Amino acid sequence: MTSIGPLPIRPLLVIAAFVIAWLIARWLAKRQTSTERYKLAGSMLYNSLLVGLLTARLAHIAQWHEAYLSAPMSIVAIGDGGFLWWVGVLAGLAFMYWRTMQQRDVRKAALTGAAVGLVVWLVATAAVETAQRQAAPLPNLELLSLEGQATALHSLKGKPIVLNLWASWCPPCRREMPAFVQAQKQFPNASFVMINQGESPEQVVRFLQAQGLNLSHVLLDPNSSSMKTLGARGLPSTYFFDAQGQLVYAHVGELTLGAISSILSSRVEHAVLQPKAPTHHAPQ
């Protein structure tokens, strides 16, 4: 499962866990104090969440700074899922503890709510990850090359595969294409397969040429059968398979180079980042 309707599931899990934590914190604080101060527990939780999310995002950007600095606008593209979660959790809890040092009447309620919300989020995330790993392996779809030749997706098995479903009329698809061009250079031992949904070869070629995009594997899916097979609810949708064809991660929405690099490096075995060639300066 990658989404609920058109909405990516991972942000929804964060929202659901926060709501549970907020309700528990306010309920506990209301039992412990007879004043309106119980509302501070909910506000504290909200502020801590913001601090945690911001810190997690900045930590992720710092880790993949070269990728983000190569396209500065990608820094604010938080839909790519690029967060270093453990850093954010620690930052959020530390902020909450610090802010409640002078407000001990709400500290216990806020921390308890945060702990429950964190457990809910971890369990739900683990369940989603498990469900994805137990999903069907790389489907053996019969697709078409830009020249109109039949191409079996299974013919690309043997090394990690990044499978992206896209269309030229889809704005986030268009925005993320340069990131995939860069990623296929940085991860030469992975296959990047861009499966167009429902457009003619002429439309696809015209779009690629107009945008100056040089992608190794562009395939056509005239009937959008790959969306049905993979259960995609929207475009773009990206699926990361290991060398054995097993799904290890899926993402709905726009991806950045930093997010692609992070997913491949941390989740896909044998997907190795190609080090940059050293720059040689001519002797003067």
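These legends walk through several close-up views of a predicted model.

**View 1. Two of the annotated membrane spans are helical.**
The unreviewed UniProt entry annotates "transmembrane region" at residues 12-29, 41-62, 74-97 and 109-128. Follow the chain through residues 12-29 and you will see 100% helix and 0% strand, with 26 Å between the C-alpha atoms at the two ends. Residues 41-62 are likewise 100% helix and 0% strand, and here the end C-alpha atoms are 31 Å apart.

**View 2. A disulfide joins Cys 170 and Cys 173.**
How many disulfides does a search of the whole structure find? The search finds one. Its partners are Cys 170 and Cys 173, whose sulfur atoms sit 2.4 Å apart. The link is right-handed, with 75° about the S-S bond. Both Cys 170 and Cys 173 are buried.

**View 3. Strand E6 is covered on both faces.**
Strand E6 takes in residues 191-197, and seven of its seven residues are buried. In a regular strand, side chains alternate between the two faces of the sheet. In E6, one side carries Ser 191, Val 193, Ile 195 and Gln 197. The other side carries Phe 192, Met 194 and Asn 196, and the residues of both sides are all buried.

**View 4. Strand E6 pairs with E5 and with E7.**
Strand E5 (residues 161-166) runs parallel to E6, and six bridges join them. To find one of these bridges, look for Val 162, whose partner in E6 is Phe 192. Between E5 and E6 comes helix H6 (residues 171-186), and the three make a right-handed β-α-β unit. Strand E7 (residues 217-221) is also parallel to E6, this time with five bridges. Here Asn 196 has Leu 220 of E7 as its bridge partner. The chain travels from E6 to E7 by way of helix H7 (residues 201-211), in another β-α-β crossover that is right-handed.

**View 5. Arg 10 and Glu 129 meet in a salt bridge.**
Side chains of opposite charge can pair when their charged atoms come close. The structure has four salt bridges in its count. One of them joins Glu 129 to Arg 10, at 3.5 Å from N to O. This pair links distant parts of the chain: Glu 129 belongs to helix H5 (residues 104-133) and Arg 10 to helix H1 (residues 9-32), 119 residues apart. Is Glu 129 buried or exposed? Glu 129 counts as buried because its relative accessibility is 10%, under the 20% cut-off. Arg 10, at 21%, counts as partly exposed. Arg 10 and Glu 129 also belong to a network of salt bridges that includes Arg 267.

**View 6. Arg 57 and Asp 80 form a buried salt bridge pair.**
The closest N and O atoms of Arg 57 and Asp 80 are 2.7 Å apart. Arg 57 lies in helix H2 (residues 39-63), while Asp 80 is in the loop between helix H3 (65-69) and helix H4 (85-99), 23 residues apart. Arg 57 counts as buried at 5% relative accessibility, and Asp 80 counts as buried at 2%.

**View 7. Glu 254 reaches Arg 175 on helix H6.**
In this salt bridge, the closest N and O atoms of Glu 254 and Arg 175 are 2.9 Å apart. Glu 254 sits in the loop between strand E9 (247-252) and helix H9 (257-267), 79 residues away from Arg 175 in helix H6. Arg 175 is exposed, with a relative accessible area of 53%.

Definitions and conventions:
Residues are numbered from 1 along each chain as its sequence is written. This is a predicted model: local features need pLDDT of at least 70, side-chain atom pairs count only at pLDDT 80 or more; totals for chains, interfaces and linings use all residues. Side-chain values use heavy atoms; hydrogens and water are left out. UniProt positions are given in the numbering used here, feature names are shortened, and annotations may be inferred rather than shown by experiment. Helices (H or I, at least four residues) and strands (E, at least two) are DSSP runs, numbered from the N terminus. A disulfide is a pair of cysteine sulfur atoms within 2.5 Å. Buried means under 20% relative accessible area, exposed over 50%, partly exposed in between (1.4 Å probe, protein chains only). Two strands pair if DSSP finds at least two bridges between them. A crossover is right-handed if, with the strands pointing away from the viewer, the path from the first strand over the helix to the second runs clockwise. A salt bridge is a side-chain nitrogen of Lys or Arg within 4 Å of a carboxyl oxygen of Asp or Glu.
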